[in-house]
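Work through the exercises below with the structure open beside you. Try each task before reading its solution.

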Amino acid sequence: MRTPTTILLLVGAILFSGAGYVRSDASDHRYKEGDTVPLYANKVGPFHNPSETYRYFDLPFCIPEGVKEKKEALGEVLNGDRLVSAPYKLNFRDEKESEVYCNKKLSKEEVKQFRKAVEKDYYFQMYYDDLPIWGFIGKVDKDIKSDPSEFKYFLYKHIQFEILYNKDRVIEISARMDPHSLVDLTEDKEVDAEFMYTVKWKETETPFEKRMEKYSMSSSLPHHLEIHWFSIINSCVTVLLLTGFLATILMRVLKNDFMKYAQDEEAADDQEETGWKYIHGDVFRFPTHNSLFAASLGSGTQLFTLTIFIFMLALVGVFYPYNRGALFTALVVIYALTSGIAGYTSASFYCQLEGKSWVRNLLLTGCLFCGPLFLTFCFLNTVAITYTATAALPFGTIVVIVLIWTLVTSPLLVLGGIAGKNSKAEFQAPCRTTKYPREIPPLPWYRSAIPQMAMAGFLPFSAIYIELYYIFASVWGHRIYTIYSILFIVFIILIIVTAFITVALTYFQLAAEDHQWWWRSFLCGGSTGLFIYAYCLYYYYARSDMSGFMQTSFFFGYMACICYGFFLMLGTVGFRAALLFVRHIYRSIKCE
C-alpha cells in the first residue's frame, strides 16, 4: 500500500518531469560534421523593459518556410519564452561567408515598425544547442545632435556567428552585428534589404561540463564578490549588535525582574520597569480576528517552507544559468505540494485558539496569498494580451495551472486542515487568563503600532539592502545571479534579525503593560516587506531605465505580491519568536 508521502513524491516527480524541471538531454547532443544543430529564435523587446517581450517574427523579419514552434514546458511559458525555428542554418562545423538567406522589400509600414523598435533599443534572443545568443537589431546615429528629429536609424542586416566546439560538442556561441552592413530606416519609404549571415567555427579545449560557466562569471568577479562579502559583514555586524542587545535584556533586565518577583510582594511594587509580570492574566488572551491570524500563520509557514526548498535546489545546482523556466516550475510545483503545511498549521492553531468555523478558516488560508496573486495576474495578463506580449499566458497554460491548483493544491490543503483539526493540540499557556481584560495604560506615540513597525522593519532591511540590488538587477534586468550560497547566508541573517528585533520590541511592549502583543509581533516581523516595496520605488526611479505602462504595471504588480509574501513569511517568523520568548519568561516566574 502506498503511503501519503509516496503519493506526494510520485505527484511531484510527474509534475517536475512534465514541466521540464530536469536538465534536457537535448543540450547533451553530440554532432558529426554537417549535422543540423537546433537553433531557435526566442523573443525581441526593449532592452530596458525585461517583461515587455514579443515573438521574434512579430517584427517583419524574413519568415522561412515551415517555421516550427518548439514545444515548451510550463516554466518556459511562464518565463515568456516562445521558441520558433530560426531562419539561419548553423550546421556543425559548416562555415559560411556572407551567406544571403533573404532578400526583402520593406514596405513603409515595415520600415516604421523597425524604426520604432530600433528607437526603443530592441534586442533579440536566440538559443543554439540550448546556449543563449543576444544581439541588438539596429542602432541610432545621434552624431552629436540634440534634436531627435535629426537622428538617423539603421537596421543591422548582417549577423556574424562565432562558434567554439570541442570535438563533437558545441561549447560556446557569440553573435556580432556587422556595423558596416546597415539598412537606413530614417525616412518613410520602401527599402530593399539583403539579410545575410556569416558562420565561423573554432576549436577550444573547454570541456562540455564547463560551458555554462561563462554566463555566471559576471557575478563571480572579484569586484562583485567584494561587495557581496561587504554585504554579509554588514549584516553580521547588525546581527551581533542585536544579539548583544537582546542578551543584555535577557541577562540583566530579566534577571533583575526574576529576582524581584522571587522576593515578597512589598519588594515587587516597582511596576514602572517590570510591569510585564502584572499582566500575566491577559498576556495569553487570544487575539481578535483569530481566523485571519491563524490563516496568516499558515500561509507564512508555507511560504517559509517554499523558500527553504528553493534554496536547497539552488545550492545543489538546479538553477544553473539559462536553465529556462526551472525556477518558475519549481515555484509552482513546490507551492502546490506544500499547501498541506499551510492547511495543517492554520487549522491546528485556529483550533488551539478555540475557533469553531475551521472550514471557513481553511478557505481563508487557501485564498489569503493566492487570492491577491490571482487578481494581480488577471490584470497583468490582460495588459500583456493588449500589448500582444509573450508575457501573456496561453489558455492551455492557464488551464494547467488551474488543474494543479484544483487537483493538487486544494486537496492537500484540505487534508492538511483535517489533520490539523484532528491533532487536538491545546494552546500551551503557562498562566491562566483572567475573565476580564486589564485596561492598557496610555502609551507614548512611539510605542504605537506604526512607529514600532517602522523600527522593526528597518533593521532587517538594513541587513539585506545591499544584496537586494543584485537580486533586482537579475530579476528585472539582464544580469545573472549565481552566488546562491551568499544569498542563503543573507536569508538566514534576515530571519535571525527579524526574530531578535521582534522579541526585543515585544518585551518593551509587555513591560509597558500592553498585553495586545499577538498581532503587533506579526506586523512588526512582517514590516520588512513594506521596506522592500519602498526600495522598489527607489530602484525603479533611480537605478533602472524601465518605462511604459506594461513594464511599470508588471514591476509594481508582481513586486507587491512578492513583498506581501515576505510580509506573511517574516510576520510568522516574528510571531513564533515572540511566542517562544513570552512563554519562556512567564514560565520562569510564579504567577498566582
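**Exercise 1: a pair of helices**

Helix 12 (residues 449-475) packs against helix 15 (residues 528-543) at an angle of about 45 degrees, and their axes are 8 Å apart. The model is a predicted one. Task: state how helix 12 is oriented relative to helix 15, and give the hand of the crossing.

Solution. Step 1: two packed helices are described by the angle between their axes and the distance between the axes. Step 2: angles under 35 degrees count as roughly parallel, and 65 to 115 as roughly perpendicular. The angle here is about 45 degrees, so helix 12 is oblique to helix 15. Step 3: the crossing of helix 12 past helix 15 is right-handed. Step 4: sorted by class, the residues in this contact are 18 nonpolar, two polar and one charged.

**Exercise 2: a second pair of helices**

Task: helix 6 (residues 290-315) and helix 8 (residues 339-352) pack with their axes 8 Å apart, at an angle of about 150 degrees. Decide how helix 6 is oriented relative to helix 8, then sort the contact residues by class.

Solution. Step 1: angles over 145 degrees count as roughly antiparallel. With an angle of about 150 degrees, helix 6 is therefore roughly antiparallel to helix 8. Step 2: helix 6 passes helix 8 in a right-handed crossing. Step 3: find the contact residues. Those of helix 6 include Phe-293, Leu-297 and Thr-301, while Ile-341, Thr-345 and Phe-349 are among those of helix 8. Step 4: by class, the contact holds eight nonpolar and 10 polar residues, with no charged ones.

**Exercise 3: a four-stranded sheet**

Task: which strands stand at the edges of the open sheet with the order 4-12-9-10?

Solution. Step 1: strands of a sheet pair through backbone hydrogen bonds, either parallel or antiparallel. In this open sheet of four strands the pairing is mixed. Step 2: strand 4 (96-106) and strand 10 (169-177) each have a single partner strand, so one side of each lacks a neighbour in the sheet and these two are the edges. Step 3: from one strand to the next, the twist averages 20 degrees. Step 4: strand 4 and strand 12 (residues 191-203) run antiparallel and are joined by eight bridges. Cys-102 has Phe-195 in strand 12 as its bridge partner. Step 5: helix 3 (residues 108-119) packs on this sheet and touches strand 4 and strand 12. The direction of helix 3 makes about 120 degrees with that of strand 4.

**Exercise 4: a three-stranded sheet**

Task: describe the open sheet with the order 7-8-11, and name the helix that packs on it.

Solution. Step 1: the three strands of this sheet pair antiparallel. Step 2: strand 7 (138-141) and strand 11 (182-184) are the edges, each with a single partner strand, so one side of each has no neighbour in the sheet. Step 3: the twist averages 30 degrees from one strand to the next. Step 4: four bridges join strand 7 to strand 8 (residues 152-156), and Asp-141 stands opposite Lys-152 in strand 8. Step 5: helix 3 packs on the sheet, touching strand 7 and strand 8. Its direction makes about 100 degrees with that of strand 8.

How values were computed:
Residues are numbered from 1 along each chain as its sequence is written. This is a predicted model: local features need pLDDT of at least 70, side-chain atom pairs count only at pLDDT 80 or more; totals for chains, interfaces and linings use all residues. Side-chain values use heavy atoms; hydrogens and water are left out. Two strands pair if DSSP finds at least two bridges between them. Axes are lines fitted to C-alpha atoms, for helices over the stretch in contact, and angles run from 0 to 180 degrees between N-to-C directions. Contact means heavy atoms within 4.5 Å. A crossing is left-handed if the near helix is turned anticlockwise from the far one by less than a right angle, and right-handed if clockwise. Ala, Val, Leu, Ile, Met, Phe, Trp, Tyr, Cys and Pro count as nonpolar, Asp, Glu, Lys and Arg as charged, and the others, Gly among them, as polar.
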